[in-house]
Amino acid sequence: MIYPIVKFGDPVLETPAAVVTSFDDGLKKLVEDMFESMYAARGVGLAAPQIGISKRIAVVDVTFKENPGAKLVLINPVIINKEGRQRSSEGCLSIPEFREDVTRAKTVTVRAQDLSGKFFEHTGEDLLARAFLHETDHLNGKLYISHVSALKRDLIKRKIKKLVKAGEW
Ligand code: NI
């Protein structure tokens, strides 16, 4: 099932999500739906709050379907290590049509649980590192625009307000 993507302005995006405690078939189905919704929206990462579900679940595929082995499911993820710096353009499915340069760590290790509840660690570089940070932020109710200057953030918010008024958001 493809869920619509929740857009900026919905409080669910700025609310810390709940820890997942039940690793059942419902969770498996939800993760499948999250991948389907992410691909339909042409994204490389999606957090459950972005489909209106306030749970600590994220899916990532920085190869966008090219390498099935690159599909990652992160349940209750925590960033345990960050190294180096990278700066490049970042966007979010919940803030469509906007992009800004964001400085992030270059190498990031995440600790998370898989669909069976088993803990694992995964280290990513560049885009994958960025995805780990961006999606984990989502689960903490934080959006990438919190990492840009107040000036740029206010500009984006003002533009979104206009779009809302025009019924285009
Ligand atoms: Ni996002």
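Buried here means under 20% relative accessible area, and exposed means over 50%. The model shown in these views is predicted.

**View 1. The nickel ion has three named protein donors: Cys 92, His 134 and His 138.** Cys 92 contributes its SG atom, while His 134 and His 138 each contribute NE2. These donors lie 2.0 to 2.3 Å from the nickel ion. Along the sequence, the donor residues follow the spacing C-x41-H-x3-H. Cys 92 sits in the loop between strand 4 (86–90) and strand 5 (100–104), whereas His 138 belongs to helix 2 (residues 126–139), so this pair ties together parts 46 residues apart in sequence. In an α-helix there are 3.6 residues a turn, so residues three or four places apart point the same way.

**View 2. Are two of the nickel donors, Cys 92 and His 138, buried or exposed?** Cys 92 has a relative accessible area of 9%, so Cys 92 counts as buried. His 138 is buried as well, with a relative accessible area of 1%.

**View 3. The largest pocket holds about 410 Å³ of space.** Its lining is made up of 23 residues. Val 44, Glu 90, Gly 91, Cys 92 and Arg 99 lie nearest the centre of this pocket. Strand 4 and helix 2 are the elements that give two or more residues to the lining. Helix 2 gives the most, with 6 residues. By class, the lining has 8 nonpolar, 9 polar and 6 charged residues. Cys 92 thus appears in two views: as a donor of the nickel ion and among the residues nearest the centre of the largest pocket.

**View 4. The second largest pocket has a volume of about 160 Å³.** Residues lining this pocket include Ile 79, Lys 82, Thr 103, Arg 104 and Ala 105. Leu 133, Thr 136, Asp 137, Asn 140, Lys 142 and His 147 are also part of the lining. Strand 3 (72–83), strand 5 and helix 2 each give two or more residues. Helix 2 supplies the largest share, 3 residues. The lining splits by class into 3 nonpolar, 4 polar and 4 charged residues.

**View 5. Helix 3 (residues 150–165) has the span expected from its residue count.** How far apart are its end C-alpha atoms? They are 22 Å apart. At 1.5 Å a residue, the 16 residues of helix 3 should span 22 Å, so the two values agree. Just after helix 3, Gly 167 takes a positive phi of about 75°.

**View 6. Arg 42 and Asn 76 have positive phi values although neither is a glycine.** Most residues other than glycine have a negative phi. Phi of Arg 42 is about 65°. Arg 42 lies in the loop between helix 1 (25–40) and strand 1 (45–47). With 69% relative accessibility, Arg 42 counts as exposed. Asn 76 has a phi near 50°. Asn 76 is placed in strand 3. Its relative accessible area is 11%, so Asn 76 is buried.

**View 7. The side chain of Gln 86 pairs with a backbone oxygen.** Gln 86 is part of strand 4. Gln 86 is buried, with a relative accessible area of 12%. A polar atom of the Gln 86 side chain lies 2.9 Å from the backbone oxygen of Asp 126.

Conventions: Residues numbered from 1 in each chain as written. Predicted model: local features only at pLDDT ≥ 70, side-chain atom pairs only at ≥ 80, totals over all residues. Heavy atoms only, no water. Donors = N, O, S within 2.8 Å, 3.2 Å for Na, K, Ca; no water. Helix = DSSP H or I, 4+ residues; strand = E, 2+ residues; numbered from the N terminus. Buried < 20%, exposed > 50% of the residue type's maximum accessible area, 1.4 Å probe, protein only. 1 Å grid on protein atoms, 1.4 Å probe; cavity = no way out; pocket = protein on both sides within 12 Å on 5 of 7 lines; lining within 4 Å. Points joined across faces, edges and corners; volume = space filled by probe spheres on them. Nonpolar A, V, L, I, M, F, W, Y, C, P; charged D, E, K, R; others polar. Expected span 1.5 Å × (residues − 1). Polar contact = N/O pair within 3.5 Å; in protein donor to acceptor, adjacent residues only side chain to side chain.
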